[in-house]
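Me: I'm new to reading protein structures. Could you walk me through one, feature by feature?

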Amino acid sequence: QESRRYTGIVEDCCCEYETVDSLNGAVLNPLLQELVTTPFFRYFKVKLWCDCPFWPDDGMCRLRDCSVCECPENEFPESFKAPSKRGLLSDDLVCQEGKPQATVDRTLDTKAFTGWIEIDNPWTHEDETDNGEMTYVNLQLNPERYTGYTGPSARRIWDAIYSENCPKYSSGEICQEKKVLYKLISGLHSSISIHIAVDYLLDESANLWGQNLELMHNRVLKHPDRVRNLYFTFLFVLRAVTKAADYLEHAEYDSGNHAEDLKAQSLMRQLLYNPKLQAACPLPFDDAKLWQGQSGPELKQQIQKQFRNISALMDCVGCEKCRLWGKLQVLGLGTALKILFSVDGQNHQDPPLQLQRNEVIALVNLLNRLSESVKVVNELVPSIEGLVSEP
Ligand code: FAD
């Protein structure tokens, strides 16, 4: 009962679970996995420090597996610089995951961010045009996974997100827009939990990493609504990407590496105009149904404000790497909301869509994270069902 396979249409969407699973496994996931490794998509610009507007720093920032590699050059141990001395690393490195390639390259700012507009995203708290204090993180070297960030600090953030900003809709709630915000956050939460469970520190003394299926079951799979919200969020973000196809197709994927940039552009086209996707799930989410009622504009403003609060809460996440991925994914969701609710194909009075480079990077990396989670759920549900089936 708990971990049954999901069938039928994904709630409030337009495609079936089975269709999503087969499209994701065969087409979308392989494309996205390759796309996020290209230089254009692997560097994310972010302000990383703890700067919580709601409560004081709770000292969680120093957890070992929490550190993000944006160490200044002088923090790299000599042994990293000279390959012959590898193996002599001490345990108390300032930057535990430090690898020479992970050094932040500040010249990226002028090299790679040219040709893109600077515009603030009304759905997020961060001022995207503020370049001071931003660093560039290589996402490939800082994977989202278990960090040891847990307990009251983490709980406080999720509680604040859920209780202050998007209270779970009551069963009598008919306003779809309010449900959307809750489902997006819940879907993202499921995805984060799945990544923690997939890449978990199983044995600290042996530094052994692997899957923690029990954790995945307890946090996500045994709650069907959390799984459904994950699929919903995936389709919502996928719809945003395809809706912005015109813009994304013509955007300048310039990272200075011509061959890799051409590859990014080609992969992007294959994603945007995929014949299998267009045949099986042409409209992953029907955004035209939202904001249509009389209170539409008011409701949109209210939800925008709530989402900005959620975005501000990311500065309170007391673990650097969780903050990195939290900020990226919330910006990705904010970008999806911006696309779906500011561009109305029918209304020619609307200003044309404009996205920042960082928004595009966040959107695509978020879609990839969600796609990974959907794939894991689809592949693991049957085996976990066997493992944890109750007598
Ligand atoms: P939590 O995941 O903290 O959940 C708290 C409560 O929320 C649950 O008890 C339940 O009532 C409710 N809930 C849980 N899941 C859902 C859902 N899908 N939908 C609706 N309600 C739900 N830890 C890492 O190890 N690595 C990371 O990269 C990481 N990133 C994070 C990013 C952010 C933005 C935040 C806030 C936390 C992050 N954490 C990360 C911490 C992690 O999410 C958990 O908070 C932590 O592992 C403790 O888990 P928990 O069992 O107490 O439940």
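Reply: Sure, and let's start with a word we'll need. Two residues are in contact if their C-beta atoms, placed from the backbone, lie within 7 Å. Keep in mind that this is a predicted model.

Me: Okay, let me try that word out. Leaving aside its neighbours within four places in sequence, which residues is Lys-375 in contact with?

Reply: Once neighbours within four places in sequence are set aside, Lys-375 is in contact with Asn-24, Gly-25 and Asn-29. Lys-375 itself belongs to helix α14. Take the pair Lys-375 and Asn-29: they sit 346 residues apart along the chain, but their C-alpha atoms are separated by 7.8 Å.

Me: And where do we find a pair like Ser-266 and Gln-292 in space?

Reply: Those two are 26 residues apart in sequence and 36 Å apart in space, going C-alpha to C-alpha. For the chain as a whole, take the contacts with a separation of 6 or more: 80% of them come from residues 24 or more positions apart.

Me: Next, burial. Is Ser-266 buried or exposed?

Reply: You count neighbours here: 20 or more other C-beta atoms within 10 Å makes a residue buried, 12 or fewer makes it exposed, and anything in between is partly exposed. Ser-266, in helix α10, is exposed because it has 12 other C-beta atoms within 10 Å. Lys-375 has 18, so it counts as partly exposed. Over the protein chain, 38% of the 391 residues count as buried.

Me: What about a whole helix? How many residues of α8 are buried?

Reply: In α8, 17 of the 20 residues are buried, so this helix is largely enclosed by the rest of the structure. From its first C-alpha to its last, α8 reaches 28 Å, close to the 28 Å expected at 1.5 Å a residue.

Me: Which residues have the most contacts inside the largest nonpolar core?

Reply: The general idea is that in soluble globular proteins, nonpolar side chains tend to be buried together. Here the largest nonpolar core has 89 residues, and Tyr-231, Leu-235 and Val-237 have the most contacts inside it. Helix α14 gives the most to this core, with 13 residues. Beyond its neighbours within four places in sequence, Val-237 is in contact with Gly-332, Ala-336, Leu-366, Leu-367 and Leu-370.

Me: How do I read a strand? Which way do the residues of β1 point?

Reply: In a regular strand the side chains alternate between the two faces of the sheet. In β1, Tyr-43 and Lys-45 point one way while Phe-44 and Val-46 point the other, and all are buried. β1 pairs with β2 in the antiparallel sense over 4 bridges, and the bridge partner of Phe-44 in β2 is Val-137.

Me: Which residue has a positive phi although it is not a glycine?

Reply: Asn-207 does, with a phi of about 50°. You'll find Asn-207 in the loop between β3 and β4. It has 8 C-beta neighbours inside 10 Å, so Asn-207 counts as exposed.

Me: Last one: how many residues surround the ligand?

Reply: There are 22 of them, and the closest are Ala-154, Ile-157, Ser-186, Cys-322 and Gly-326. By class, this shell has 10 nonpolar, 7 polar and 5 charged residues. Helices α5, α6 and α13 each supply at least two residues of the shell, and α6 gives the most, with 6 residues.

Definitions and conventions
Residues numbered from 1 in each chain as written. Predicted model: local features only at pLDDT ≥ 70, side-chain atom pairs only at ≥ 80, totals over all residues. Near = placed C-beta within 6 Å. Nonpolar A, V, L, I, M, F, W, Y, C, P; charged D, E, K, R; others polar. Core = buried A, V, L, I, M, F, W, Y, C linked by C-beta atoms within 7 Å. Pairing = 2+ DSSP bridges. Expected span 1.5 Å × (residues − 1).
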